[in-house]
Amino acid sequence: MGKSSLLILPGDGIGPEVMVEVRKIIDWFGSNRGLDFDVTEDLVGGAAYDAHGTPLHDETMAKALNVDAVLLGAVGGPKYDNLDFSLKPERGLLRLRKEMDLYSNLRPAQCFDALADFSSLKTEVVSGLDIMIVRELTSGIYFGEPRGIITEGNERVGINTQRYTESEIERVARSAFELAKRRGNKVCSMEKANVMESGVLWRETVDKVHQAEYSEVELSHMYADAGAMQLCRWPKQFDVIVTDNLFGDILSDTAAMLTGSLGMLPSASLGAPMENGRPKALYEPVHGSAPDIAGQGKANPIACILSFAMALRYSFDEGVEADRLEQSIENVLSKGARTHDLLGEEGITPLSTSGMGDAIVEALAVSI
Ligand code: NAD
């Protein structure tokens with residue numbers, strides 16, 4: 001396989017600030033681990049609007065479709081709040097997701113032991129937690145037709161339609177089984193087959209894919225409401241959870257918050273495999289552009305750095321190096337290093353954004 005290509009889209013607000021730290025990490029892997037990336041950088045969101053009058057230039061979109069992975073910072077900010085809907089920074093991100101057809105959204109809930117106290121749950125419930133929620137991202141009730149608000153008699157009726165085809169369920173199920181094979185080899189599929197026909201089809205289709213292609217992976221099913229309870233009761237029972245767009249939206253936020261701060265949460269959105277076998281992929285932190293702290297050196301770069309770790313694992317088949325990066329972050333945190341968002345105890349002086357990036361590079365250096 002040739003040189004791996006990576007398109008970096010820092011975006012707005014704290015996006016460019018955290019991306020500077022990711023560039024340090026990428027450079028370290030280039031110099032010390034022989035991971036030679038062909039990196040290009042471009043504009044998205046408000047930054048693209050300022051330069052080109054559009055939140056995503058066609059040329060940038062074309063680049064995104066031709067690289068092995070895209071890494072995005074964050075988009076948006078008050079400066080753009082009054083723009084026409086079609087020009088808002090978020091439209092750039094939505095266009096990327098749509099045209100890359102990223103149907104599988106990966107949201108890990110991983111608890112670094114040093115931050116277990118940050119969880120609202122007991123330490124023993126979250127310490128060592130490492131689960132992955134796979135949310136179907138391009139279909140289901142957020143997209144189904146008919147939709148709208150109509151008038152029936154003398155009152156209005158709001159309508160949305162949950163709709164899934166077998167092929168849409170099959171491809172996201174495959175994505176979940178493939179992930180499980182690289183992790184704990186367990187998938188739990190969640191729907192509401194007890195009350196929804198789309199849930200019945202979901203369950204049957206996941207079973208069919210399992211029997212035909214992934215019988216070596218352990219599969220279980222759970223109703224999504226029971227799943228929500230189990231996630232809060234004993235989340236460590238799960239490895240990979242696969243679910244639809246609506247339930248996944250809620251369950252992934254629930255699971256993510258088991259582990260603490262928004263500044264720590266990475267994500268990936270994957271599409272169909274390309275010719276080289278790698279999936280189309282967009283990696284980004286869950287947080288936004290945080291205008292309240294932008295430009296102050298207060299942003300936590302770890303969510304974006306962990307998003308790069310996901311790229312190493314899922315796009316570049318560098319699982320060992322992804323483990324190294326995650327372990328280095330754990331080591332930095334366990335020595336007490338904290339950014340502003342992670343301050344709990346008295347008496348700790350927080351690191352700046354670049355201070356945290358440098359500390360992680362130092363921890364990487366002692367890992368070899
Ligand atoms: P936000 O995630 O930007 O910020 C929420 C809170 O968390 C803020 O107090 C912020 O300071 C803090 N925070 C977020 N990331 C942090 C980090 N890395 N380190 C330390 N603290 C962090 O959400 P918001 O305030 O609702 O939205 C701000 C802008 O971001 C809006 O324009 C919104 O549309 C946009 N947004 C973009 C994305 C994206 O690009 N994917 C996601 C969410 C929101």
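These legends go with close-up views of the empty spaces inside a predicted model, plus one residue that lines such a space.

**View 1. Hunting for hidden holes.** Rolling a probe the size of a water molecule over the atoms shows where empty space is left. In this model the search turns up two cavities of 30 Å³ or more.

**View 2. The largest cavity and its walls.** This hole has a volume of about 80 Å³. Look for P108, Q110, F112 and L115 in the lining, along with T259, M264, L265, P266 and L306. Sorted by class, these walls are made of seven nonpolar residues and two polar ones, with no charged residues.

**View 3. The second largest cavity.** Here the volume is about 50 Å³. Ten names to spot would be a lot, so start with a few: the lining includes Q162, Y164, K192, D244 and F247. Helix α7 (residues 197-213) gives the largest share of the lining, three residues. The class mix for this cavity is four nonpolar, three polar and three charged.

**View 4. Zooming in on E191.** Now pick out E191, one of the residues lining the second largest cavity. You'll find E191 in strand β8 (residues 186-191). Is E191 buried or exposed? E191 is buried, because its relative accessibility is 2% and buried means under 20%.

**View 5. Who E191 touches.** The side chains of E191 and R203 are joined by a polar contact of 2.8 Å. Setting aside neighbours within four places in sequence, E191 is also in contact with other residues, among them G199, W202, H221, M222 and F247. Of these, G199, W202 and F247 turn up in the lining of the second largest cavity too.

How values were computed
Residues numbered from 1 in each chain as written. Predicted model: local features only at pLDDT ≥ 70, side-chain atom pairs only at ≥ 80, totals over all residues. Heavy atoms only, no water. 1 Å grid on protein atoms, 1.4 Å probe; cavity = no way out; pocket = protein on both sides within 12 Å on 5 of 7 lines; lining within 4 Å. Points joined across faces, edges and corners; volume = space filled by probe spheres on them. Nonpolar A, V, L, I, M, F, W, Y, C, P; charged D, E, K, R; others polar. Helix = DSSP H or I, 4+ residues; strand = E, 2+ residues; numbered from the N terminus. Buried < 20%, exposed > 50% of the residue type's maximum accessible area, 1.4 Å probe, protein only. Polar contact = N/O pair within 3.5 Å; in protein donor to acceptor, adjacent residues only side chain to side chain. Contact = heavy atoms within 4.5 Å.
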